[in-house]
Amino acid sequence: MLSLAEMATQVLTTADGRAKTALSRQHAATWQAARARGEAPEIGKSFPPLNPARPEAPALLSPKDMPKRKPGNPAGRIALLHAVAHIELNAVDLHWDIIARFCDTPMPIGFYDDWVKSADEESKHFNLMCDCLEAKGSHYGALPAHEGLWRAARDTKDDFLGRLAVVPMVLEARGLDVTPGMIELFEKHGDTQAVEALKVIYAEEVHHVAYGSKWFHFLCGRHELDPTVAFHDLVRRYFHATLKPPFNEEKRAEAGIPPDFYWPLAEEA
Ligand SMILES: [Fe+2]
Ligand SMILES: [Fe+2]
């Protein structure tokens, strides 16, 4: 069996989206089977690439060059699903990257269990979005995509706590704010496949944010940091925008992110 860090780097260096998620799910299953047998597989070491391998399409554009989406028409809704697929593919890489990138920091095995489970779910989410696009005669890669999503990973490549603050606790938490509106939009247009897929994503993303909060608090405890103060410092340092209300306060609370974490960062706007 490969070490977990080696598995992670294999996923990160696989370019094609469906191939990446297939490998991700296979490695997750291998890890989970070993854990179910009561084993603690080796975490090991590896050298993840600074940027993950990506397919030739979609073309990656800066946000200002991205065409405006009009979700009122079918083409606009395909563009929205395409954007979600792109976010999910980045999420697959982000989950494996944190495992490989910070493998020098000793962590309880439960940390790896959580991240492997989330990586597996992100892979499922990407596949669900691809299924929706393909059912509409499109596919991932048919439209341009946002180039900036990996920036948070690069900016926090040397800062484990910063990575936890910005990726699960800011970016994935943002997903909790916006997904109910998307579900409503596809419901309004009678798109059952998209509604069902987005409901799966919404339910599982709560856990990803919760894992982020759990391990952020764990590391703050290890370094005797005040979690609220540390969160504010790290988000100001690494996240280059203010947080945008409205917030999904209920789901954020369920995921272990209290209002005094995010409101002060929004009010600075
Ligand atoms: Fe996801
Ligand atoms: Fe997620």
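Tutor: A helix's expected span is 1.5 Å times one less than its number of residues. Keep that in mind as we look at this predicted model.

Student: Happy to! How far apart are the end C-alpha atoms of helix H4, and what should its residues span?

Tutor: Helix H4 covers residues 109-135, which is 27 residues. At 1.5 Å a residue they should span 39 Å. The model agrees, because the end C-alpha atoms of H4 are apart by 39 Å.

Student: Is H4 largely enclosed by the rest of the structure or not, and how many of its residues are buried?

Tutor: Here a residue counts as buried if 20 or more other C-beta atoms lie within 10 Å of its own. H4 is largely enclosed by the rest of the structure, because of its 27 residues the number buried is 19.

Student: Which residue with a positive phi follows H4?

Tutor: Look just past the helix for a phi near 80°. The residue there is Gly-137.

Student: Now helix H6, please. Where does its kink lie?

Tutor: H6 runs over residues 160-188, and its 29 residues should span 42 Å, in agreement with end C-alpha atoms 41 Å apart. Within H6 there is a kink of about 40°, shortly before the proline Pro-180. The kink lies at Val-178.

Student: What is the radius of gyration of the protein chain, with its 10 helices and two strands?

Tutor: With 10 helices and two strands in the chain, let's turn to the globule rule, which gives 18 Å for 269 residues. The chain comes close to that, so it is as compact as a globular protein of that length. Its radius of gyration is 18 Å.

Definitions and conventions
Residues numbered from 1 in each chain as written. Chains lettered and ligands numbered in written order. Predicted model: local features only at pLDDT ≥ 70, side-chain atom pairs only at ≥ 80, totals over all residues. Helix = DSSP H or I, 4+ residues; strand = E, 2+ residues; numbered from the N terminus. Bend = angle between axes of the 7 residues up to and from the residue. Rg over C-alpha atoms; globule rule 2.2 N^0.38 Å. Buried ≥ 20, exposed ≤ 12 C-beta atoms within 10 Å, placed from the backbone.
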